[in-house]
Amino acid sequence: MQARKKYVLLGLCACCWLVLFYCGGGVQLRLLHLLTRHRSDVLRPWPNWTDRAFLPRYAHLDELQTDPGSAESPRQRRQAWSTVYRDSRCRMDTCFDFSRCRRRGREGFRVYIYPAEKGDRVSESYRKILTSIAESRYYTPDPREACLFVLGIDTLDRDQLSGQFVPNMDERIRSFPSWNDGRNHLIFNLYSGTWPNYTEDLGFNVGQAILAKASLNTEHFRPGFDVSIPLFSKDHPQKGGERGWLLRNTTPPRRKYLLMFKGKRYLTGIGSDTRNALHHIHNGKDIVSLTTCRHGKDWEKHKDARCDHDNLEYERFDYQELLHNSTFCLVPRGRRLGSFRFLESLQAACIPVLLSNGWELPFSDVIQWNQAVIEGDERLLLQVPSTVRAVPNQRVLQLRQRTQMLWDAYFSSVDKIVLTTLEIIKDRVFSHVSRNRYMWNSLPGGLLVLPEFSTHLAHFPFYYLGLGVSPGHEFTAVIHAVSPLVSQSQPIMKLLQVVSRSKYCSQIIILWNSEKPPPSRSKWPPMPVPLVVTDSRRKTTSRFLPHVAIETEAVLSLDEDTVLLTSEVNFAFLVWRSFPDRIVGYPPRSHFWDPLKHAWGYTSKWTNEYSIVLTGAAFYHRYYNFLFSHYLPQSLRTLVDRTSNCEDILMNFLVSAATHLPPVKVAQRKQYKEVPPPQGTKSAPWTNPEHFTQRQECVNTFASWFGYMPLVHSQLRLDPVLFKDQVSVLRKKYKDLERA
């Protein structure tokens, strides 16, 4: 009997369990959750920065004041994204027509801008973007030549509440004959979505177009296809931009404040949870984290108990003073993932500490951001102070220096942001001739390293020191000849003998730029090195063409009337081997700012300072010939050819812009006299009264194109060993330099 009762009881329990299993799954899960929740709360340790699996909130819900109506589930966000971005899985090999770019070889990467329609309003920021493209070497006015298309319609602000919002985009873009569902199109955008959710919806179907977008979410970013760009203000400069605030070798690496933030506090809606909690880390001493509620028209309707106190504390500190004197800068998300503070921090060499989960950082395809920023987590705000305190001084200095490199190379102007976007896309199109990560993340930056020249680091002068590579032991002399050959006693004949006797000379190239045809080889004297005569008449810039005949790294640029000794040539070449990324030569010049004319001036007076070394007698790396011909716009080269002047100044501008360093002046003989031209030849160009005026104008034209003055002053002058010592001339290495 007892056994029977036992079996009946077991059977009833089994039935109850089955009923619970099939009918009460939800109840079962809730019970299991209740049973395990307490234990997990007790046993779970405080998460690390890298713990992405289970991250608790850092503030109470009543303190966050998040608008419950603005919350969207991940599924809702994916659905909203898929309705607008139907080609969300686009990649270059599936949504891009490479044949449009490759049919003309390396020159095939051309960008076409649709003409603006009558009545269209274009924002200042979008006008700058279009201007940057139109003035770039990639622009074409012919859509048949285009590899890439850019809309003339302003797509930067797609907030429907904004005055810059352009309606009916779908209808308008479908009317373009080349639209083709967005294939080979590039769309720029800074602001997407609108209140209260601020989604990434642009309000029209971008199809297969590439997005160059700010505040991109990693969930929606199409790697290898889209380009994440920084959020920049309408006041961001078109060209050049201000230099970074970090001076070389600034010590100590840490500043007055360890960490700072000063900005808006959103009381409701997207971004409010992050900004509302920033007061937790403020101590008013080495950590200054300030927010204000006083923004917007109806902020007082939503003000809370903290607003008045926060507003008073906010006014105590000046934002610019904090930027200048802080080691780390908090960059929390705003309504959208990006923030103006990102670029402001980079320029100020204030190491950005990012609190914007899911943000695809600008130009993330090519920039190694872990070398310049600290990526935090919005939900782990309280760990930020201890994390930045633990960064050693050496690492702080490295991070700050990298912010300056990135700011100057890619972010200081709209021009650089746009050109970086185009260069990234070009590298994808011509992936077999593209820059590597090292080129993008080291000086002078990817924009000044053209992979069409080479994809090997050792072929560029900027990387010799880092690679431990020494430049070659030979040079090619390139002589610019403008006078017809009428006598064997002309200065060029003596110059040929002097240069050819150098043990470092590999060959001599004469660029014949006279109106008369070049003489036959028999008219030139015999020499121990090969001589090549190239006909380059009526083109002043031909002296800087990347001639195939130049096989050595070092180029000695000479005017036909240059007076030098072989020992002077040898000494200058040895100096260049120590400074292979700079111009090294003899005749110095300088620039200055004229406050009365509000313009740059140019002077040939001999002073202690110089910023230009004329290429009439100077060494430089052959890569600069390629950069001169392919990086600089046609308008500047045309100006030089039209005036037959200023090409030497333009080359100095280019090299200083790439290196941020001055040229190097080497010593010449003490007594130097201008040699008058022989009878029957043209007078020297500097005897023309307009020559100096033209050079003044050139300096200002070049500075205008670069957007700033890249020339750098120097007082360095290198003399030969024992040049001034009162010892026996026989013991001196460069004994000819003291002779009259």
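These questions and answers walk through a predicted model.

Visitor: How many residues of strand β7 are buried?
Guide: Strand β7 covers residues 287-292 and is mostly covered. I287, S289 and T291 point one way, while V288, L290 and T292 point the other way. Residues on both sides are buried. The count is six of six.

Visitor: Which residue in β7 is the bridge partner of F261?
Guide: Strand β6, residues 257-264, pairs with β7 in the parallel sense. The pairing runs over six bridges. In β7, the partner of F261 is S289.

Visitor: How many salt bridges does a search of the whole structure find?
Guide: One of them joins E117 and R172. Another joins D286 and R389. The search of the whole structure gives 25.

Visitor: How many residues apart are E117 and R172?
Guide: The two form a salt bridge, with the closest N and O atoms 3.2 Å apart. E117 sits in the loop between β1 and α7, and R172 in helix α8. The pair thus links distant parts of the chain, with a separation in residues of 55.

Visitor: Is R172 buried or exposed?
Guide: Its partner E117 is partly exposed, at 38% relative accessibility. R172 has a relative accessible area of 18%. Because the cut-off for that class is under 20%, R172 counts as buried.

Visitor: What is the relative accessibility of K213?
Guide: K213 lies in strand β4, and E200 in the loop between β3 and β4. Their side chains meet in a salt bridge of 4.0 Å, N to O. E200 is buried, with a relative accessible area of 9%. K213 is buried too, at 1%.

Visitor: Which helix holds R389, the partner of D286?
Guide: The side chains of D286 and R389 meet in a salt bridge of 2.7 Å, N to O. D286 is in the loop between α9 and β7, 103 residues away from R389. At 43% relative accessibility, R389 is partly exposed. Its helix, residues 384-389, is α14.

Visitor: Which residues are linked with R137 in a network of salt bridges?
Guide: The network includes the acidic residues E423 and D427. It also takes in an arginine. The residues linked with R137 are E423, D427 and R435.

Visitor: Which helix gives the most to the largest nonpolar core?
Guide: The core has 77 residues. Those with the most contacts inside it include F109, W369 and L422. It draws at least three residues from each of domain 1 and domain 2. The helix giving the most, with eight residues, is α16.

Visitor: Which residues is L422 in contact with, leaving aside its neighbours within four places in sequence?
Guide: L422 is among the residues with the most contacts inside the largest core. One of its contacts is F109, also in that group. The full set is F109, V111, I133, Y138, L148 and L186.

Visitor: How many residues does the second, separate core have?
Guide: This core includes M439 and Y623. V640 and I649 belong to it as well. Its size in residues is 50.

Visitor: Which residue's side chain joins that of S590 in a polar contact of 3.1 Å?
Guide: S590 lies in strand β16, residues 588-594. S590 is buried, with a relative accessible area of 6%. Residues it touches include G601, Y602, E609 and H713, not counting those up to four places away in sequence. The polar contact is with H713.

How values were computed:
Residues numbered from 1 in each chain as written. Predicted model: local features only at pLDDT ≥ 70, side-chain atom pairs only at ≥ 80, totals over all residues. Heavy atoms only, no water. Buried < 20%, exposed > 50% of the residue type's maximum accessible area, 1.4 Å probe, protein only. Helix = DSSP H or I, 4+ residues; strand = E, 2+ residues; numbered from the N terminus. Pairing = 2+ DSSP bridges. Core = buried A, V, L, I, M, F, W, Y, C linked by side-chain atoms within 4.5 Å. Domains from an automatic or database assignment. Contact = heavy atoms within 4.5 Å. Polar contact = N/O pair within 3.5 Å; in protein donor to acceptor, adjacent residues only side chain to side chain.
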